Amino acid sequence: MKKKLFAAILLCGILASAQETVADTVQTKSIEEVVVIARKPTIESKADRTVFNVANSSILTGNSTWDVLRMTPLVNIDNNDNVQAEGNAVTVYINDRKSVFTGKELKEYLKTIAADNLMKIEVITTPSAKYETGGAVINIVLKRNENEGMKGSVSLGNSQSFKNSQSSNANLNYHRKGFTQSLSGSFNNTNSVNESFNENFIYADNSLTRISAENNSHGKSPSATSTTEFELDEKNNIGLVAQYYGSKNSYDAVADGQYFLNDVLQNSYTNNINANGSSLFAGSNLFYKYYDKVKNRILDINTGINYSGNESTRIQSTLWDPADFDGIKTVSENLNREFYVKLDYSQPVDKDGNLLEFGGKMNFRNNVMPFDYFNQQSSAWIPDNTRTNTFRYEENLNSLYANFSKTFFKKLETRIGLRYEHINFTVKQDVGAVERTDSYGALLPDLLVKYSFNENYNLTATYKHSLWRPWFTEFNPFLMPSDNGIYQRGNMELEPNPNDRFGLKLGLYKKYFLSANFNSTNQDYWTSYTVEDGKTIMMPATFYGRVNNYSLYANTNQNFLKNKLNVNFNLGLTYVDNSDFRQRNNFVGLQDYITNFSGSTNFSYTNLFSKNININGWMGLHSQNWGNSMGNKMNFFHSFGATKLFPATQMEAGIRFNNIFRRPGNDIVTYSPIGTFRSVNKWDWYGAHLTFVKRFGNQKVKESSKTNVEKESGGGKG
């Protein structure tokens, strides 16, 4: 399209010049150069993914990468900080490399990456066999400077919600001929206050516990990333990526509880909790890349070592009425080591652009988690040897994959893939010699077919079989006290979750997209509860039973006012058939059929009043139903801000308001065979944020990505 525009403009210029020459042979004008700049739309919908182009958008100012991830179309984040896409669990990649973080660890890490570093976020709802995932993929693509010399930026931010928080970020990039060195670092000083209310009802004795709590947390988190890349020649380059993330945090909470039996108050208590800890992550990735641009052959070899560790000391003091006192102290560590080697290769198989990809990975993981438990007696902490233990997890996961993409008669694009994974793992506790060793292999096929009726109409069909495995911490059986009056632990007997997904996607005029999906599974692991020695314990458990999930999504991206105003709309409707799942697991009160709704919109306006002012906003509305947990209300998020640019000094200032009209939170009931458990929370993601950015050097950037072959096609083209 760009070439056609250029040719048309050039032709018009020649004709105009010719007419001018005829009219006046004395005066002539020549056009030396015509540059046409094509701007990518904010949202691009491709065969297997939706791309959120955020580079140079004012939505970045005052936000972290985690904040922008919340605003990404098709993405929803639940109250446990689990990221979902179109209702499916997600694996996060950063620059095509799988992140080692999940859940709350992923959240804290992405909060240290200033959104100013973002190029785009890809939501890959049907990933090919190349990806290591049991569900969807979110690939976060960062910027990379390509111009000569030194350049960079410094940003400072201040947030005011219930308490005040500060953030800072610096980026440096040096490029000279074939050598590139990038450095980035950040430091966040965060303070937050969250409120919660819980109701735990047990069927057996008709007992009810109510707990109201408020917690204050404070954290200091530095992070740094170094990327060194050297081009040996036009086809070969090597590089090293090194990452560091650390944090020191403290936490205190006060909880008031009441215990009822047959609606009669039996006793009450006040619970005080104080905790502090630290965490550390250090990772490395050494890579070699061969790229023959003429023949489009790509060989990518990666090897690396990741290390992470954290420690935490937690003291819980409970004063009962009638008078009694309990004191519990826990000291825990988590030491993780990971080693991997990965190879990816792709090349065309003929002159028609058909593509073959294959590769594999060997991954070794070793986790050690010592845990010490103490009871308070006469102001002294006495070790509880019945609960003190060390948990170990060892894993070897090997995989091979192949993808083949072929286009028939220029309209029918296909991609077929097959992935094989074999896992061998051991979970055990040192004390008691409790151990489980297991190994199994799995074939994971996928298929994509896209037919283009013409340039305005296309239809894509996809299928994928996937396997979602428990995270190692979900196996950990240690009994841990929590703030809401119950205990929690993992489950060494968890089984993986197999899933089949079928999808249809209709594209109209390159602006309107409709997606229909069907997911089905016959087993999954969700939150369960049990009562032991008078303690209510929460833990994950594998449940058997068929769950069918039907969903329909629609989105469109529109430009107005000479492309200055960009608006994106997303709507989603999900219908879940839980009937077999509920009946087989005796979930009293759980609905047989569940309907979820989600909707969001992003808008941005560039150069308001021609004063270099950019404004943007985002609103999201989501149901909160998943598994055996049902929400009692819709969750409404909103954020809007403005950025003032100062081109002469390469500075900018921005202000952002998050959820100022309604503080976000949830109200969820989890059903289990022993009772119901209600959780109500108010989160601290609200208030105002100020940001100041200073840049220097030429800020021209390109995508920091290994290859665009698959991204630009999804099995075929766009």
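A search of the whole structure, which is a predicted model, finds 22 salt bridges. Side chains of opposite charge can pair when their charged atoms come close. I shall take several of these pairs in turn.

Let me start with glutamate 199 and arginine 678. Their closest N and O atoms are 3.7 Å apart, and the two residues form a salt bridge. This pair links distant parts of the chain, since glutamate 199 belongs to strand β11, residues 179-202, and arginine 678 to strand β35, residues 675-682. In sequence the two are 479 residues apart. Arginine 678 counts as partly exposed, because its relative accessibility is 27%.

The second pair is arginine 365 with glutamate 338, a salt bridge in which the closest N and O atoms are 3.6 Å apart. Arginine 365 lies in strand β17 and glutamate 338 in strand β16, so this bridge ties together parts that are 27 residues apart in sequence. Are these two residues buried or exposed? Arginine 365 is buried, and glutamate 338 is buried as well.

The third pair is arginine 436 with aspartate 438, whose side chains meet in a salt bridge at 3.3 Å, N to O. Here arginine 436 counts as buried, at 9% relative accessibility, whereas aspartate 438 is partly exposed, with a relative accessible area of 25%. Why do the two partners fall into separate classes? Buried means under 20% relative accessible area; arginine 436 has 9% and is therefore buried, while aspartate 438 has 25% and is therefore partly exposed.

Salt bridges can also share partners. In this model, such bridges join Asp48, Arg49, Lys120, Glu122, Arg415 and Asp446 into one network.

I turn now to charges placed over rings. Lysine 361 lies over the face of tyrosine 340, at 4.9 Å from the ring centre. Likewise, the charged end of lysine 644 sits over the ring of phenylalanine 646, 5.5 Å from its centre.

Next, the rings themselves. A pair of aromatic rings is described by the distance of the centres and the angle of the planes. How many aromatic pairs does the structure hold? The structure holds 30. One of them is formed by tyrosine 345 and phenylalanine 358; the ring centres are 5.4 Å apart and the planes stand at 45°, so this pair is tilted. Tyrosine 345 lies in strand β16, residues 324-348, and phenylalanine 358 in strand β17, residues 355-377, so the pair ties together parts that are 13 residues apart in sequence. Tyrosine 345 is buried, with a relative accessible area of 18%, and phenylalanine 358 is partly exposed, at 35%.

Tyrosine 451 and phenylalanine 453 give another geometry: their ring centres are 4.9 Å apart and their planes are at 75°, so the pair is edge-to-face. Tyrosine 451 is partly exposed, with a relative accessible area of 30%. Phenylalanine 453 also counts as partly exposed, at 43% relative accessibility.

There is, in addition, one aromatic cluster formed by Tyr463, Phe502, Phe518, Tyr550, Tyr575 and Tyr593.

Finally, the surface. Which residues make the nonpolar surface patch of about 570 Å²? The patch is made by Phe453, Tyr457, Leu459, Leu504, Tyr509 and Tyr512. Phe453 is thus a member of this patch and also a partner of tyrosine 451 in the edge-to-face pair. As for tyrosine 512, its place is in strand β26, residues 512-532, and this tyrosine is partly exposed, with a relative accessible area of 39%.

Key. Residues numbered from 1 in each chain as written. Predicted model: local features only at pLDDT ≥ 70, side-chain atom pairs only at ≥ 80, totals over all residues. Heavy atoms only, no water. Patch = residues over 30% accessible without salt bridge, like charges linked within 9 Å, V, L, I, M, F, W, Y side chains within 5 Å. Areas by Shrake-Rupley, 256 points an atom, 1.4 Å probe, with all protein chains shown as cover. Salt bridge = Lys/Arg side-chain N within 4 Å of Asp/Glu carboxyl O. Helix = DSSP H or I, 4+ residues; strand = E, 2+ residues; numbered from the N terminus. Buried < 20%, exposed > 50% of the residue type's maximum accessible area, 1.4 Å probe, protein only. Phe/Tyr/Trp six-rings, centres within 6.5 Å; stacked < 30°, edge-to-face > 60°. Lys NZ or Arg CZ within 6 Å of the ring centre and 35° of its normal.
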